[in-house]
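Welcome! Please take a look at the sequence and the model, and then work through the exercises below one step at a time.

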Amino acid sequence: MKNNTNTTYTKKMMNRIVAAALIDMQFPFVLALLGRDQIAETMGGLIVTEIIGVFLVYCLKSFFETRESEKNRILEKQMELESSESEEEI
């Protein structure tokens, strides 16, 4: 297994949530086989809704985090350029 140093706590939690959701997605099928169709439909819909909700929140968090990180990186480069230009003038 590859050791990825860029794996954040949020990525690890997202992986765990997706793994649990994939397992939970099997329960409605088992309930349907047992004749509990109404419960299976309700449970399946809730699981899918929760997975989509968690995924969207994670995507938004990741987007804003990356945007701020890139913004900071650009500002640092600009400050480096300005300081190097001011040193050349002296």
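**Exercise 1.** Work out how arginine 73 and glutamate 70 are placed in helix 3, and how their side chains meet.

*Solution.* Step 1: arginine 73 and glutamate 70 are 3 residues apart in helix 3, so about one helical turn separates them. Helices here are DSSP runs of H or I with at least four residues, strands are runs of E with at least two, and both are numbered from the N terminus. Step 2: the two side chains meet in a salt bridge, at 2.7 Å from N to O. The term salt bridge asks for a side-chain nitrogen of Lys or Arg within 4 Å of a carboxyl oxygen of Asp or Glu. Step 3: arginine 73 is partly exposed, with a relative accessible area of 39%, and glutamate 70 is partly exposed too, at 34%. (Buried means under 20% relative accessible area, exposed over 50%, and partly exposed in between, with a 1.4 Å probe and protein chains only.)

Before going on, keep in mind that this is a predicted model: local features need pLDDT of at least 70, side-chain atom pairs count only at pLDDT 80 or more, and totals for chains, interfaces and linings use all residues. Residues are numbered from 1 along each chain as its sequence is written, and side-chain values use heavy atoms, with hydrogens and water left out.

**Exercise 2.** Find how many salt bridges the whole structure holds, and describe the ones formed by lysine 61 and glutamate 68.

*Solution.* Step 1: a search of the whole structure gives 3 salt bridges. Step 2: lysine 61 pairs with glutamate 65, and their closest N and O atoms are 3.0 Å apart. These two residues lie 4 residues apart in helix 3 (residues 37–89), so the separation is about one helical turn. Lysine 61 is partly exposed at 30% relative accessibility, and glutamate 65 is partly exposed at 46%. Step 3: glutamate 68 pairs with lysine 71, with 3.9 Å between the closest N and O atoms. Glutamate 68 and lysine 71 are 3 residues apart in helix 3, again about one helical turn. Glutamate 68 is partly exposed at 33%, as is lysine 71 at 45%. Step 4: as a general point, side chains of opposite charge can pair when their charged atoms come close.

**Exercise 3.** Identify which residues form the aromatic pair, and give its geometry.

*Solution.* Step 1: the structure holds 1 aromatic pair. Step 2: its members are phenylalanine 63 and phenylalanine 64, arranged edge-to-face, with 5.1 Å centre to centre and 70° between the planes. (Rings of Phe, Tyr and Trp, the last by its six-membered ring, pair if their centres lie within 6.5 Å; planes under 30 degrees apart count as stacked, over 60 as edge-to-face and the rest as tilted.) Step 3: phenylalanine 63 is partly exposed, at 48% relative accessible area, and phenylalanine 64 is partly exposed at 40%.

**Exercise 4.** Decide whether the protein is a compact globule or more spread out.

*Solution.* Step 1: the protein has 3 helices and 0 strands, in the order α-α-α along the sequence. Step 2: its radius of gyration is 23 Å, well over the 12 Å that the globule rule gives for 90 residues, so the protein is more spread out than a compact globule. (The radius is taken over C-alpha atoms, and the rule is 2.2 Å times the number of residues to the power 0.38.) Step 3: along its principal axes, the C-alpha trace spans about 85 × 30 × 10 Å. Step 4: buried residues make up 8% of the 90 residues.
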